[in-house]
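This briefing covers one helix and one strand residue, with the criteria stated where they are used.

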Amino acid sequence: MSSDSHLNGAYYGPSIPPPSKKSRSYNRHGRGGGSCNPFSWCCSCLCGCIFNLIFQILITILVLLGIAVLVFWLIFRPNAPKFHVNDATLTQFTLSSDNNTLYYNLAVNMTFRNPNKRIGIYYDKIEANAEYYDKRFASRNLDGFYLGHKRENNVNTEFVGEQVVVLGNGDRSKYDRERNDGVYNIDLKLRLRLRLKVGWAKPKFKPKFECELKIPVTSGGLVSSTGFQRTKCDFDW
C-alpha cells in the first residue's frame, strides 16, 4: 500500500482564498455568465424587421412600375415623333472676310408627323435654330399646334438677316470650299416643349430634332447642279 493512501484525497496545502467581489461580478455579468441586455436585443430585432419591411415595399413598387410600363407599352405602342425637311432654299450665304458677318437668306419646308395610333402630341413650343459648324446664326420661334393620331403637319419658315460668325481656320477653309462647290453644310436644330395626350394624362417632355442638311445655293436665278435631298432628322428625348 502506498504511503499516501492514508490522506484519502484530502488537501493539506496552503489555504485557498475566497473569490473577490470583482471576480464574482465578472462571472455574473461577463462572458462566463451568458446573459444579455433585453433592451438591446429588442432594438436589434425591431431594426431588422423595419429594414426588411422597407426592402419588401421597394421591391413591390419596382415590380408594379415594371408591370405598369409593360401594360402601357402593350396598349399604346408609343413611337417617337417623326420630322423631315422636305425642301430648303438658300439664296444668300455670304461670310464677309472683313468683319466676319454672315449674310443669309434661307427658306425651309418641314413636315411633323405623329406615327402613333393612340397618342396625340401637343407641340407647345418650337424653337428652330440654324447653325453653321456649331455656330448659331439664326433662330425662329414657330407657332405651336396639335397633331392627332397618324396625322402630319407641314410648316414653312424663313431665316433672313445677318449675324457675326467667327469661324476657326479649319472651318473657314471648309466655307471657302463649299462656296466654290455651291453646297453648304447647315444644321437645323429644333428644341421642343411638347405634351403627349395619353387618355386623361398629358406628360410633358423637352426633346429635340437635329438635321444635318446639305443645301445648294441659288444665286441670280441660277440653281446648283446638286438639288436638295429630302432629309430625315434625328429625334432625341
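The notes below take the helix and then the residue.

The model is predicted: local features need pLDDT of at least 70, side-chain atom pairs count only at pLDDT 80 or more, and totals for chains, interfaces and linings use all residues. Residues are numbered from 1 along each chain as its sequence is written, and side-chain values use heavy atoms, with hydrogens and water left out.

**Helix H3**
- H3 covers residues 169–181 (helices are DSSP runs of H or I, at least four residues; strands are runs of E, at least two; both are numbered from the N terminus).
- Its 13 residues should span 18 Å at 1.5 Å a residue (1.5 Å times one less than the number of residues), which agrees with the 19 Å between its end C-alpha atoms.
- Asp171, Arg172, Tyr175 and Glu178 are buried in H3 (under 20% relative accessible area; exposed is over 50%, partly exposed in between; 1.4 Å probe, protein chains only).
- These buried residues lie on the same side of H3, because they cover an arc of only 120° around the axis (taken from the directions from the helix axis to the C-beta atoms).
- The face of H3 turned away from the buried side carries exposed Asn169, Asn180 and Asp181.
- Strands S1 (82–95) and S3 (120–132), together with S7, are what the buried residues of H3 pack against.
- Gly182 follows H3 and has a positive phi, near 85°.

**Lys197**
- Lys197 lies in strand S7, residues 183–197, and counts as partly exposed because its relative accessibility is 33%.
- Beyond neighbours within four places in sequence, Lys197 has contacts (heavy atoms within 4.5 Å) that include Arg118, Tyr122 and Lys202.
- Gly148 is 49 residues from Lys197 in sequence and 9.0 Å away in space, C-alpha to C-alpha.
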